Amino acid sequence: MRVVFLLMPRLHLLDLSGPAQVFSTADDLGLGYQLDFVAEQEDVPTAQGVGLRARTTWPETGPDDLLVVPGWRSPMLKGGPRPGRDMLGRLVAHHAAGGTVASVCSGADLLGQAGLLAGRRCTTHHDLRDELAARYPDARVERDVIYVTDGRVVTSAGIASGIDLALHLVAGRHGPAAAARVARSMVVYARRSGAESQDSAMLRHRWHLRDAVHRAQDRIDGAFSQPLRLADLARACGVSERTLTRQFVESTGLTPLRYQQTLRMERAEHLIGHGATVEAAAHAVGFADARMLRRLRSRTA
């Protein structure tokens, strides 16, 4: 997957470096990402005073690729960057060809200039939401959310939310377990969900910093449909069964077994929502029969 960052003058470094680090780390883990940085001028000043150098020629992109617009420093969207027709046209053409476009913070204004926010839900930094809504009245600007996905247009709130957006995109392409691996490698355990329902238990319970518990979660995440013995988990994590259970509960609020059951039920609900019977879903996620799944579902109904 090629990820192309469109760099505007006075961009915020974290708007760029946060998502870039996510995709770079995903590539280090073998998930296959190539990063490119494009601007209208080779030298790009940043809001933090560090100059960047970008290419001015566009790489070839396809429907599987992603264009990302980091935000820039500006008290208002009015008076911000106004790119030429070529850059805006590239955004429109990429989306029209089936590709995904994304923005961080004030970068949503560029998507608005390209006409990609019309009729779509979107968001931006809380200081800029009202102005974004006024500038693009056909857009539905969401408040108090981290990121929003609508029709292959993904927008996120301010600054650090670009990391959440990028992890969300990795999870959508490779699954939440892969996104959890990236987050753990980056020491970003407080991964936040957006306005969507894609908040996975694999990521929701990664707020802590206990390495043994993360190692146990990695093993459960990768084999939650299989029988897992507590003794084997503890041995793999280098702690006793009692220590692992205690640390797991302190870190996640769940026992290892309850965590595994939560992953099973979450996956089963997904299968049922896509047409599977309760019996088929229960079998697919590792339950011996549908009775346990029905019992767990009734507790959360």
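A contact here means heavy atoms within 4.5 Å. By that rule, and leaving aside residues up to four places away in sequence, Thr 100 touches Asp 65, Leu 66, Leu 67, His 94, Arg 152 and Val 154. The structure is a predicted model, in which local features need pLDDT of at least 70, side-chain atom pairs count only at pLDDT 80 or more, and totals for chains, interfaces and linings use all residues. Residues are numbered from 1 along each chain as its sequence is written, and side-chain values use heavy atoms, with hydrogens and water left out.

Thr 100 itself sits in strand E6 (residues 100-104); helices (H or I, at least four residues) and strands (E, at least two) are DSSP runs, numbered from the N terminus. With a relative accessibility of 18%, Thr 100 counts as buried, the cut-offs being under 20% relative accessible area for buried, over 50% for exposed and partly exposed in between (1.4 Å probe, protein chains only). Ile 146, 46 residues away along the chain, has its C-alpha atom 18 Å from that of Thr 100.

Now for the chain as a whole. It has 13 helices and ten strands. Its radius of gyration, taken over C-alpha atoms, is 21 Å, which agrees with the value near 19 Å for a compact globule of 301 residues; the globule rule is 2.2 Å times the number of residues to the power 0.38. Along the principal axes, the C-alpha atoms fill a box of roughly 60 × 40 × 35 Å. Of the 301 residues, 51% are buried. Among contacts with a separation of 6 or more, 62% are between residues 24 or more positions apart. The accessible surface adds up to about 14000 Å², and carbon and sulfur atoms own 50% of that; these areas come from the Shrake-Rupley method with a 1.4 Å probe, and for residues only the protein chains shown count as cover.

On to the aromatic rings. Rings of Phe, Tyr and Trp (its six-membered ring) pair if their centres lie within 6.5 Å, and planes under 30 degrees apart count as stacked, over 60 as edge-to-face and the rest as tilted. The count by this rule is three aromatic pairs. Phe 5 and Phe 37 make a stacked one, with 5.4 Å from centre to centre and 10° between the planes. This pair links distant parts of the chain, since Phe 5 is in strand E1 (residues 2-6) and Phe 37 in strand E2 (residues 34-38), 32 residues apart. Phe 5 is buried at 0% relative accessibility, whereas Phe 37 is partly exposed at 30%.

Salt bridges come next: each is a side-chain nitrogen of Lys or Arg within 4 Å of a carboxyl oxygen of Asp or Glu. The structure holds 20 of these salt bridges. In one of them, Arg 121 partners Glu 142, with the closest N and O atoms 3.0 Å apart. The two come from distant parts of the chain: Arg 121 belongs to strand E7 (residues 121-122), and Glu 142 to the loop between strand E8 (140-141) and strand E9 (147-150), 21 residues apart. Glu 142 is partly exposed, at 24%.

Arg 210 and Glu 250 form another salt bridge, the closest N and O atoms being 3.1 Å apart. Arg 210 lies in the loop between helix H7 (201-204) and helix H8 (211-222), and Glu 250 in helix H10 (residues 241-252), so the pair ties together parts 40 residues apart in sequence. Both ends are partly exposed, with Arg 210 at 30% and Glu 250 at 49%.

A further salt bridge joins Arg 297 to Glu 269, where the closest N and O atoms are 2.8 Å apart. It links distant parts of the chain, with Arg 297 in helix H13 (residues 290-300) and Glu 269 in helix H11 (residues 256-273), 28 residues apart. Arg 297 is partly exposed at 27%, and so is Glu 269 at 32%. Elsewhere, salt bridges with shared partners join Arg 184, Asp 211, Arg 215 and Asp 218 into one network.

Arg 184 also appears in helix H6 (residues 176-185), where Ala 178, Ala 179, Ala 180, Val 182, Ala 183 and Arg 184 are buried. Just after H6, Val 187 takes a positive phi of about 60°.

Helix H13 also holds Leu 296, which is buried at 2% relative accessibility. Leaving out residues up to four places away in sequence, Leu 296 touches Arg 258, Gln 261, Met 265 and Phe 287. Phe 287 in turn has Arg 264 over its face, 5.3 Å from the ring centre; for this, NZ of Lys or CZ of Arg must be within 6 Å of the ring centre and within 35 degrees of the ring normal.
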